[in-house]
Amino acid sequence: MRSLLFLLSALAVIGTGYWAYHENYRTQDELDRVDALRRDIGEARERLAILKAEWAYLNRPDRLRDLADMNFGRLGLMPLRPDQFGVVRDVIFPIPETDLVVTEPIDVTSAGAQQP
């Protein structure tokens, strides 16, 4: 009777140990999955913050003035006044500093077309 009781208690201890071991690793796998999801959420939030910052920069009302200031020498544009921002035809272009003088206007519409 003692050996049967010892055998049953040993099986109960071994079974409980196996269950605890299995639960520990199952729990660890779930925690690793949760950590990976939290990392993904953090990276997505960082990307979203970067996109929001870029969108805020692109929507600034004075961005056109900053672009014109940065490209002043390269594009040869005159500085813009605040009342010019909405209309492109009001942008003042500088007079070209070349030795070439145009005396007659060129008709662009008939220059490339052939006469029938």
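## Confidence in the predicted model

This is a predicted model, and the mean pLDDT of its chain is 77, with 60% of the residues reaching 70 or more. The confidence varies from element to element: helix H1 has the highest mean pLDDT among the elements of the chain, at 92, whereas helix H4, which covers residues 108–111, has the lowest, at 56. Over residues 111–116 the pLDDT is below 50, and this stretch has 0 contacts in the model beyond near neighbours in sequence.

## Helices and accessible surface

The chain contains 4 helices and 0 strands, so that, read from the N terminus on, its elements follow the order α-α-α-α. Helix H1 takes in residues 2–58.

Of the 116 residues in the chain, 5% count as buried. The area that the chain exposes comes to about 11100 Å², and carbon and sulfur atoms supply 63% of that area.

## A nonpolar patch

Which residues make the nonpolar surface patch of about 570 Å²? The patch is formed by Met1, Leu4, Leu7, Leu8 and Leu11.

Leu4, one of these residues, has its place in helix H1. Its relative accessible area is 47%, and Leu4 is therefore classed as partly exposed, a class that lies between buried, under 20%, and exposed, over 50%.

## Salt bridges in helix H1

Side chains that carry opposite charges can pair when their charged atoms come close. In this chain the count comes to 2 salt bridges, and each can be described by its partners, its distance and its place in the helix.

In one salt bridge, the side chains of Glu23 and Arg26 meet at 2.9 Å, taken from N to O. Both residues lie in helix H1, where they are 3 residues apart, about one turn of the helix. Are these partners buried or exposed, or do they fall in between? Glu23 counts as partly exposed because its relative accessibility is 22%, and Arg26, with a relative accessible area of 41%, is also partly exposed.

The other salt bridge joins the side chains of Arg33 and Glu30, with an N to O distance of 3.3 Å. Arg33 and Glu30 likewise both belong to helix H1, and they too are separated by 3 residues, which is about one turn of the helix. For Glu30 the relative accessible area is 36%, and this residue is therefore partly exposed.

Conventions:
Residues are numbered from 1 along each chain as its sequence is written. This is a predicted model: local features need pLDDT of at least 70, side-chain atom pairs count only at pLDDT 80 or more; totals for chains, interfaces and linings use all residues. Side-chain values use heavy atoms; hydrogens and water are left out. Patches are made of residues with over 30% relative accessible area and no salt bridge: like charges are joined within 9 Å, nonpolar side chains (Val, Leu, Ile, Met, Phe, Trp, Tyr) within 5 Å. Accessible areas come from the Shrake-Rupley method with a 1.4 Å probe; for residues, only the protein chains shown count as cover. A salt bridge is a side-chain nitrogen of Lys or Arg within 4 Å of a carboxyl oxygen of Asp or Glu. Helices (H or I, at least four residues) and strands (E, at least two) are DSSP runs, numbered from the N terminus. Buried means under 20% relative accessible area, exposed over 50%, partly exposed in between (1.4 Å probe, protein chains only). pLDDT is the predictor's confidence in each residue, from 0 to 100. Contact means heavy atoms within 4.5 Å.
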